[in-house]
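Please open the model in your viewer, with the sequence panel beside it, and follow the stops below in order.

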Amino acid sequence: MNKSDQETKDEIVLQNWLAQLNLEQKVGLIVGRGMDIPGLLETEDEIRVAGQAASTLEIPELGIPSIILADGPAGLRIAPKRVGTDATFYCTAFPVATLLASTWDKELVKEIGAVYGKEAKEYGVDIVLAPGMNIHRNPLAGRNFEYYSEDPYLSGHIAAAMVKGIQAQGVGTSIKHFVANNSETNRSMLDTVVSERALREIYLRGFEIAVKEAQPRTVMSAYNKINGTYASESYYLLENILRLDWGFKGAVMTDWFGGKDPIAQMIAGNDWLMPGEPKLRKQLIEAVESGALQEEILDQNVERILRVIISSPSYHKYPYSNQPDLKQHALVARKAAAEGAILLKNEKGTLPLSNSKMRIAAFGVGSYDFIAGGTGSGDVNKAYTISLVEGLNNASIAIDTDLQESYESYITNEKAKLPEKAFFFELPPPIPEMTLDLIAIQAIAAKNDIALLTIGRNSGEFQDRQVEDDFNLRTAELALIQSVSEVFRGLGKRVVVLLNIGNVIELMSWRDCADAILLPWQGGQEAGNALTDVLIGKVNPSGKLPTSFPQRYADVPSAKSFPGKVIPDGETHELGGVMTSHEMEITFDEDIWVGYRHYLSKAIPTAYPFGFGLSYTSFSYQDLIVDSDQKEGGLKVNVTIQNTGDKAGKEVVQLYIAAPLGGKLEKPLRELKAFAKTKLLQPQESETLTFLLQDMDLASFDTQQPAWIIEGGQYSIQICASSQDVRLEKKLMEEAKVVERVPKALTQKM
Ligand code: GLC
């Protein structure tokens with residue numbers, strides 16, 4: 001049967017379902033069947049996929065299957081073992097979202113999405129609760145590793161690539177958390193106060209791109225309020241903006257136990273209540289029976305839910321095997337982890353390691369206890385994580401085994417002291433750095449050729465990070481870097497620092513101690529192998545920063561407002577530990593000045609800027625051509641990139657637009673509006689890249705109208721190697737223009 005015949009058949013089936021469903025069945029579909037998580041609300045039905053985040057009601061008499069929803073952004077999170085079988089159900093831990101964005105490679109991210117989608121399908125999952133795509137507003141946000149970038153354009157296009165990859169396998173996605181959920185502290189009782197322009201240009205823009213580019217099957221509304229209204233209860237957000245303005249056709253679900261008033265959620269167009277609780281069904285039925293809620297509203301919610309169900313593998317009775325090709329998926333994870341590694345510093349050709357016979361001393365707990373990804377619902381139950389030293393050994397590169405033994409026994413002893421996890425998702429405390437005195441380091445330096453030193457950082461859902469001992473290095477870490485640098489450099493030997501982190505940290509206090517700095521982020525289960533591929537030059541690093549590294553935390557524009565203020569005498573929701581929430585408010589008083597928009601426009605130097613990344617080779621940028629007479633309107637931009645070095649490599653090329661300053665709307669110095677990555681260019685090889693710009697790419701949001709407008713004046717199209725490195729530019733005059741009017745602003749109460 002061809003696609004359109006199938007769609008016609010499905011439509012008939014769906015309308016038939018709608019005609020026959022009674023009120024109890026409609027409400028049964030709207031409210032999830034619970035979550036399979038130890039110690040939390042048990043699911044009401046038999047569990048089909050252990051560890052599932054939720055399931056939906058089966059109505060066998062109508063042929064409506066139950067469908068399965070499971071986390072998360074870095075791979076499928078389900079239980080690795082099940083009662084009654086020796087089979088295992090490990091999943092591939094892909095690189096975290098921030099690393100995927102660091103590749104700036106839409107095709108590669110789509111490939112990750114494809115294998116992720118295959119894996120979910122083979123495990124019987126219908127919707128994966130991914131990608132996470134909230135903006136990196138502040139480096140301390142606990143879930144930044146689950147999100148892509150500080151820039152909405154990069155975030156939106158990487159998310160769209162992930163959605164396309166996953167959904168091409170027939171599995172649905174849920175872009176999250178919609179919207180302005182950029183911190184963890186008191187998230188379910190937090191009111192985000194934010195201007196309409198900042199919402200539209202920064203916090204909504206990435207979601208808008210993902211919806212228009214990829215039509216995700218679902219959207220997950222955020223826990224927080226926006227200007228006083230819960231996201232899951234905001235008609236303007238979910239109907240006016242998401243559906244009317246952007247043309248979203250799928251279903252909206254709450255975040256888990258999110259929001260407060262199920263009737264308001266139904267009216268707002270938040271179709272699904274996840275993971276679902278029996279009391280919600282009772283509330284909705286009573287509301288319809290009392291006239292407080294019209295059943296026609298529920299019919300709309302149910303129709304959107306049924307459209308998701310009828311497109312699911314479960315509806316099409318896909319015979320899933322529970323045996324995805326994990327070996328093949330691991331290879332793709334390793335390729336992506338290498339592609340997203342960012343070379344921040346490389347003095348005197350320290351990297352790649354000159355020969356495989358080099359004697360390597362691996363310092364830092366992080367070199368042995370490698371972090372694949374963050375904690376919380378964004379974690380993955382993987383079969384293994386390859387550490388740096390395991391990756392080096394797999395590549396037959398010898399490391400100092402005496403030093404290895406010291407670290408490994410130290411780590412074992414320290415781990416034995418850790419308390420039991422208080423709850424499922426708890427972030428374990430970091431293992432303190434092992435101290436080595438100068439004498440010991442001198443002995444190690446005498447018998448090795450180079451020092452590799454790993455700094456690790458972990459974070460996760462339910463809590464934000466701290467400045468001291470987290471964003472800033474711990475005393476013992478700083479001391480180790482300084483001592484190793486002093487001793488090894490004293491012998492004319494080099495020091496490489498590796499950052500196995502999921503969020504931005506402070507670098508200025510120690511980066512002069514390193515001859516090279518490589519940022520592999522949290523690279524998933526194959527992290528150590530991928531990192532080794534880059535260290536030995538098997539892969540030439542081509543990653544670039546998707547988020548700025550400020551010189552100090554105080555330079556961050558949201559430093560003062562983060563993570564918000566508890567409201568005196570506000571409500572408290574006692575759930576114990578980090579789960580307890582107090583009513584809180586956070587004001588995004590930096591408005592649109594987030595990340596590089598702030599640092600560039602206010603001329604605040606960063607440690608490393610957005611879009612920055614080095615290579616083992618070099619590239620020239622030439623022949624910029626801007627062609628404005630396109631029949632479909634817009635601008636066509638061509639630029640030629642040549643590999644001018646002696647190693648094959650790829651270059652990420654960024655197109656920024658600098659709008660005229662001094663107009664009605666204040667503008668950042670430049671904003672990212674297009675990007676592309678070259679293929680692997682051999683030495684001297686060139687490639688011409690083409691970018692297409694539309695009016696929307698030159699527009700800013702005028703709240704007063706409200707509309708997207710182009711202000712008249714001189715614009716500059718800038719072809720850059722980073723947000724601070726303009727290689728070519730062309731100026732052009734633009735007439736003032738209203739590009740698109742939008743529904744009334746979100747800042748107005750419902
Ligand atoms: C959470 C998270 C969300 C996740 C869901 C299911 O609280 O905010 O990202 O998908 O619950 O685990």
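Begin by selecting Leu 499, which, when residues up to four places away in sequence are not counted, touches Leu 344, Ile 455, Ile 505, Leu 507, Trp 510, Ile 517, Leu 518, Leu 519, Pro 520 and Trp 521, a contact being heavy atoms within 4.5 Å. This is a predicted model, in which local features need pLDDT of at least 70 and side-chain atom pairs count only at pLDDT 80 or more, while totals for chains, interfaces and linings use all residues. Residues are numbered from 1 along each chain as its sequence is written, and side-chain values use heavy atoms, with hydrogens and water left out.

Next, add Phe 363, which together with Leu 499 has the most contacts inside the largest nonpolar core, a set of 194 residues. Such a core consists of buried Ala, Val, Leu, Ile, Met, Phe, Trp, Tyr and Cys residues joined through side-chain atoms within 4.5 Å, where buried means under 20% relative accessible area and exposed over 50%, with partly exposed in between (1.4 Å probe, protein chains only). Apart from this core lies another, of 46 residues, with Leu 14, Ala 54, Ile 127 and Leu 273 among them.

Leu 14 leads to helix α1 (residues 3-20), helices being DSSP runs of H or I with at least four residues and strands runs of E with at least two, numbered from the N terminus. Select its buried residues, Asp 10, Leu 14, Trp 17 and Leu 18; what covers them includes α11 (295-310). On the face turned away from that buried side, colour the exposed residues Ile 12 and Ala 19.

Finish at Thr 92, in the loop between β2 (68-71) and α3 (97-103), which is buried, with a relative accessible area of 1%.

Note on methods: Expected span 1.5 Å × (residues − 1).
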